[in-house]
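Open the model in your viewer and keep the sequence panel beside it. The stops below go from the sheet to the helices, with a selection to make at each one.

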Amino acid sequence: MQGKEQTIYVGIDVSRARLDVHLHPSDERFAVGNDAAGRRQLVRRLRQLDIALVAIEPTGTFHRALHRHLHAAGLATALVDPLRARRFAQAIGQLAKNDRIDAAMLALMAERLSPAPTAPPDPAQEHLAELATARTAAIAEQVALDNRRAATTDPWLRRTLGCRSRGIVRHIARLDRQIETAIAQAPAIARRAAVLRSIPGVGPVTALAFLAYLRELGQLTAKQVAAMAGLAPIARDSGTSSGQRRIRGGRAALRQALYMSALVASRYNPNLAETYRRLRDAGKPPKVALVAIARKLAILANRLVAENRTWTPIPA
């Protein structure tokens, strides 16, 4: 066991049943169960070391209890985007992939890139995010069923698919009621929801996307919120050539919701409708103008939540 004289970076690959742990630079590795006993054993071992940072990847629900346990133990823990972690491994020439290698790459990434530690979400926030994810999946299933039904000529299949689609519609309605209850039962979240819904163009679905997928809202700069929403134009320049800026990355569910809100805001939000008309008159394509409106909506929502106030129109 390594003593306290050496600073240690920890990478943990999380699966349903097991936690593969790698300590860098001591190159020690071990595994424990991804259960209460295993997490207690892990914390006992890590507390004997001088831990600078623990890096884990978010893996659905499997990482949540570990994240909370490490945070409660006072161990700084960063949640690392899996795609970023994989590209880091490729950049240093590590093409192979398994649980032990992934843990080692996370530990090395923690040392080299120093990702920011992340506190676990509030339980009410986590519950809302789970409901929002379930709603998104249900809507995708409904669309798939309706598309299949539209392409089917067999009468029995059409009836069966229609019955399943109606069942999904009822399920979505029940989810919506559960979401409203979850929001109402959490005063801080309910206040945020009221602030967000006061913005013309931001309806319940977009407000839910903000609440569920951007818990940092109100703590970000304008550039940060645009990037996190995937609405910041990315430069593609090289030498004397200047490529077309495109949006990419960010949190896809939030970006999609904001784009739909931008369609509404470009017509019914008096300030943003004028911005949209000005962009179109300047020759900007409709999609480019709508992305700009979506970005302004994200920045506006971030500012209003930070100031804890509802939207008011800007005087002409």
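Two strands count as paired if DSSP finds at least two bridges between them. With that rule, the first selection in this predicted model is an open sheet of 5 strands, ordered E3-E2-E1-E4-E5, with mixed pairing. Its edge strands are E3 (28–33) and E5 (77–79), each of which pairs on one side only. From one strand to the next the twist averages 20°.

**Whole chain**

Zoom out before going further. The protein chain holds 12 helices and 9 strands, and its C-alpha trace spans about 65 × 60 × 45 Å along the principal axes. Of its 316 residues, 40% count as buried. Among contacts between residues at least 6 apart in sequence, 60% join residues at least 24 apart.

**E1 and E4**

Select residues 7–14 and 50–56. These are strands E1 and E4, which run parallel and are joined by 6 bridges. To see one such link, pick Ile12, whose bridge partner in E4 is Ile56.

**E2, E3 and the turn**

Next select 18–24 together with 28–33. E2 and E3 run antiparallel, with 6 bridges between them; His22, for example, has Arg29 as its bridge partner in E3. The two strands form a hairpin with 3 residues between them.

Which peptide bond is cis here? The one from His24 to Pro25, with omega near 10°. Pro25 lies in the loop between E2 (18–24) and E3. Asp27 is placed in that E2 to E3 loop too, and its phi is near 65°, a positive value in a residue other than glycine. With a relative accessible area of 48%, Asp27 is partly exposed, because the partly exposed class runs between 20% and 50%.

Now show the side chains of E3. Which of them are buried? Glu28, Phe30 and Val32 point to one face and are buried, whereas Arg29, Ala31 and Gly33 point to the other face and are not. Such alternation between the two faces of the sheet is what a regular strand shows in general.

Keep Phe30 on screen and add Arg45. The charged end of Arg45 sits over the ring of Phe30, 3.7 Å from the ring centre. A search of the whole structure for aromatic pairs finds 0.

**Helix H1**

Select 36–46, which is helix H1, and pick Ala37 within it. Ala37 is partly exposed, at a relative accessible area of 42%. Draw a distance from its C-alpha atom to that of His24: the two residues are 13 apart along the chain and separated by 24 Å.

**The cores**

Colour the largest nonpolar core, a set of 51 residues in which Leu128, Leu196, Ile199, Phe210 and Leu258 touch the most other members. At least two residues of this core come from each of H5 (123–150), H6 (155–184), H7 (187–197), H8 (204–213), H10 (252–268), H11 (270–281) and H12 (286–307). Which helix gives the most? H12 does, with 11 residues.

Centre on Leu196 and list what surrounds this residue. With neighbours within four places in sequence left aside, Leu196 is in contact with Val202, Ala207, Phe210, Leu211, Leu217, Ala301 and Val305. A second, separate core has 20 residues, including Leu19, Leu23, Ile51 and Val54.

**Leu220**

Move to the loop between H8 and H9 (222–228), where Leu220 is found. Is Leu220 buried or exposed? Leu220 counts as buried at 16% relative accessibility, because the cut-off for buried is under 20%. Beyond its neighbours within four places in sequence, Leu220 is in contact with Leu214, Val225, Met228 and Asn302. A C-alpha to C-alpha distance from Leu220 to Ala306 reads 8.6 Å, although the two are 86 residues apart in sequence.

**After H12**

The last stop is Asn308, in the segment after H12. Phi of Asn308 is near 55°, a positive value in a residue other than glycine. Its relative accessible area of 46% makes Asn308 partly exposed.

Note on methods
Residues numbered from 1 in each chain as written. Predicted model: local features only at pLDDT ≥ 70, side-chain atom pairs only at ≥ 80, totals over all residues. Heavy atoms only, no water. Helix = DSSP H or I, 4+ residues; strand = E, 2+ residues; numbered from the N terminus. Buried < 20%, exposed > 50% of the residue type's maximum accessible area, 1.4 Å probe, protein only. Core = buried A, V, L, I, M, F, W, Y, C linked by side-chain atoms within 4.5 Å. Contact = heavy atoms within 4.5 Å. Axes fitted to C-alpha atoms, helices over the stretch in contact; angles between N-to-C directions. Phe/Tyr/Trp six-rings, centres within 6.5 Å; stacked < 30°, edge-to-face > 60°. Lys NZ or Arg CZ within 6 Å of the ring centre and 35° of its normal.
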